[in-house]
Amino acid sequence: MFELTDKKAVVTGASGGIGEAVAVALAEAGADVMVCGQNEARIAATAEKVAATGRAVIPHAANISTEAGAKGVIDAAMAAWGRIDILVNNAGITRDGLVIRMSESDWDEVMAVNLKSVFLLTRAATRPMMKQRSGSIINMSSIIGLIGNPGQGNYAASKAGIIAFSKSMARELASRNIRVNAIAPGFIQTSMTDKIPEDLQKKMLETIPLGRYGKPEDVANAALFLASERSSYMTGQVLTVCGGMVMS
């Protein structure tokens with residue numbers, strides 16, 4: 001359904017969960033994929049799953065919250081392929097706590113990984129995409145960036161920032177045929193959400209009209225759509241993949 005044959009994709013935060021599912025889905029649709037993260041062993045595991053699709057894969061360990069790390073990702077992809085068609089900014093962390101007790105380092109770390117990395121990688125990828133006059137940038141936000149959540153002031157701010165940044169970049173890059181969209185997942189079962197206490201998980205389930213938690217593949221399907229020509233007339237949009245938790 002989604003044709004990405006010979007497209008070149010970079011996926012950050014690909015050491016598991018949503019990032020791994022996105023990387024595999026893009027490869028299954030025909031793309032070659034660079035999978036990025038800081039944990040070399042987990043990145044290698046994702047790379048094996050991508051390679052099993054028959055497509056080329058490049059595992060790349062980097063700290064993308066630094067300029068050198070982010071630029072190194074794009075430079076490595078360009079050295080290998082000479083182009084980048086798809087960039088999925090998926091890296092994210094949480095450092096939850098009420099703001100009154102939140103340390104400055106917990107705020108700064110979440111902002112660096114979740115938001116600054118999106119800026120750095122987008123900036124680095126923009127030049128080659130502008131030269132080729134095409135590209136799809138997909139930024140992973142969250143419904144928490146739309147509705148907020150107690151104890152996640154830093155996370156909510158970073159994810160809301162991704163939405164605003166995506167809309168701004170969509171306006172900046174549209175004339176070069178580069179599309180920028182965001183995905184806002186809801187409660188998706190990953191290692192990150194597994195840390196949420198069971199009683200809170202049950203309460204969250206009650207707020208989901210579809211009556212089930214999402215799977216990483218649900219988000220990957222949305223990313224496939226935004227990466228493909230099926231969404232060629234969409235830019236600056238936010239797709240909520242949340243089972244109906246947020247309706248607008």
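Here are three short exercises on helix α1 of this predicted model.

**Exercise 1. Check the span of α1, then work out how enclosed α1 is.**

Start with the length: α1 covers residues 17–28, which makes 12 residues. At 1.5 Å a residue, the helix should span 16 Å, and its end C-alpha atoms sit 17 Å apart, so the two agree. Next, burial, with the cut-off at under 20% relative accessible area. Ile-18, Gly-19, Glu-20, Ala-21, Val-22, Ala-23, Val-24, Ala-25, Leu-26 and Ala-27 are buried. That's 10 of the 12 residues, so α1 is largely enclosed by the rest of the structure.

**Exercise 2. Describe how α1 packs against α8 (residues 216–227).**

Geometry comes up front: the two axes come within 8 Å and cross at roughly 50°. That angle is neither under 35 degrees nor in the 65 to 115 range, so α1 and α8 count as oblique. The crossing is right-handed. On the α1 side, the contact uses Gly-17, Ile-18, Ala-21, Val-22, Ala-25 and Leu-26; α8 brings in residues including Pro-216, Glu-217, Val-219 and Ala-220. Sorted by class, this contact has 11 nonpolar, 1 polar and 1 charged residues.

**Exercise 3. Do the same for α1 and α2 (residues 40–51).**

Here the axes lie 9 Å apart, at an angle of about 25°. Angles under 35 degrees count as roughly parallel, so that's the label for this pair. The crossing is right-handed. Now the residues: Glu-20, Ala-23, Val-24 and Ala-27 of α1 meet Thr-46, Lys-49 and Val-50 of α2. By class, they split into 4 nonpolar, 1 polar and 2 charged.

Conventions:
Residues are numbered from 1 along each chain as its sequence is written. This is a predicted model: local features need pLDDT of at least 70, side-chain atom pairs count only at pLDDT 80 or more; totals for chains, interfaces and linings use all residues. Side-chain values use heavy atoms; hydrogens and water are left out. Helices (H or I, at least four residues) and strands (E, at least two) are DSSP runs, numbered from the N terminus. The expected span of a helix is 1.5 Å times one less than its number of residues. Buried means under 20% relative accessible area, exposed over 50%, partly exposed in between (1.4 Å probe, protein chains only). Axes are lines fitted to C-alpha atoms, for helices over the stretch in contact, and angles run from 0 to 180 degrees between N-to-C directions. Angles under 35 degrees count as roughly parallel, over 145 as roughly antiparallel, 65 to 115 as roughly perpendicular and the rest as oblique. A crossing is left-handed if the near helix is turned anticlockwise from the far one by less than a right angle, and right-handed if clockwise. Contact means heavy atoms within 4.5 Å. Ala, Val, Leu, Ile, Met, Phe, Trp, Tyr, Cys and Pro count as nonpolar, Asp, Glu, Lys and Arg as charged, and the others, Gly among them, as polar.
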